[in-house]
Amino acid sequence: SGTYRSLLMIPYNPRGLWCLLQLHGSVAKYIWGRVLVIFALSILVTLLHFYAIVNLAIGDTAHSLVGVVLGLILLFRTNSCNEKYNEGRRLLGQINNSGRNLFRAGFSYIRGDDVRAFELKNTLRRLLTAMFIAVKHALRKDFVEEDYEEILLATELEVLQNSRSWPQCIALFVTDVLECANP
């Protein structure tokens, strides 16, 4: 139980400053080039203004107008990002609930109390757990094979490595398990 929890949770310490230097899961690796360009441009403008090579003075009205426009753009962008985040949370919650419902239905569909039925139910549980992780990785476009090593069998991992869509491949595994349940 603790193993699966550690696979799903990202450790977080709100009092630590380690998250400022962490690149995994950060947007910094995508924007560092743009930040460096803006930094170089600001150094250039500062030097031009400091040595009075170019007069870069702008009136107060222009600053006010640019500030208002920039504020509105940031407001709309923030609202848009919040809407996308909330929609993503809602959809991920639906995936979680659908997986839980599928497990319940599959659990009742697999009949018997023998070893084979127990193994099929356990396989279904493993695959649905892996499905949730695969959807998370597919959305992030970041496939971490270590997340699956304790959940999936080596043969299942080998098939996944050759697959283009890991969630779809795991869904086919689930279909195979349910087809084997009641011959």
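Let's start with the nonpolar patch on the surface of this predicted model. Ile38, Phe39, Leu41, Ile43, Leu44, Val45, Leu47, Phe50, Tyr51, Ile53, Val54 and Leu56 form the patch, and together they have about 1200 Å² of accessible area.

Take one of its members, leucine 56. Where does leucine 56 lie? You can find leucine 56 in the loop between helix 2, residues 28-50, and helix 3, residues 60-109. Its relative accessible area is 35%, so leucine 56 counts as partly exposed, because that label covers values between 20% and 50%.

Now zoom out with me to the whole chain. How many helices and strands are there? The chain has 7 helices and 0 strands, and reading along the sequence gives α-α-α-α-α-α-α. Of the 183 residues in the chain, 19% are buried.

Next, have a look at the charges. Glu145, Glu146, Glu149 and Glu150 form a negative patch on the surface. One of these, glutamate 150, sits in the loop between helix 5 (146-149) and helix 6 (154-161).

Let's finish with cysteines. As a reminder, a disulfide is a covalent bond joining the sulfur atoms of two cysteines. How many disulfides does this structure hold? The count is 0. Two cysteines are still worth finding on your screen. Is cysteine 169 buried or exposed? Cysteine 169 is buried, because its relative accessibility is 8%, and buried means under 20%. Cysteine 180, with a relative accessible area of 42%, is partly exposed.

Conventions. Residues numbered from 1 in each chain as written. Predicted model: local features only at pLDDT ≥ 70, side-chain atom pairs only at ≥ 80, totals over all residues. Heavy atoms only, no water. Patch = residues over 30% accessible without salt bridge, like charges linked within 9 Å, V, L, I, M, F, W, Y side chains within 5 Å. Areas by Shrake-Rupley, 256 points an atom, 1.4 Å probe, with all protein chains shown as cover. Salt bridge = Lys/Arg side-chain N within 4 Å of Asp/Glu carboxyl O. Lys, Arg positive; Asp, Glu negative; His and termini not counted. Charge placed at Lys NZ, Arg CZ, Asp CG, Glu CD. Helix = DSSP H or I, 4+ residues; strand = E, 2+ residues; numbered from the N terminus. Disulfide = S-S within 2.5 Å. Buried < 20%, exposed > 50% of the residue type's maximum accessible area, 1.4 Å probe, protein only.
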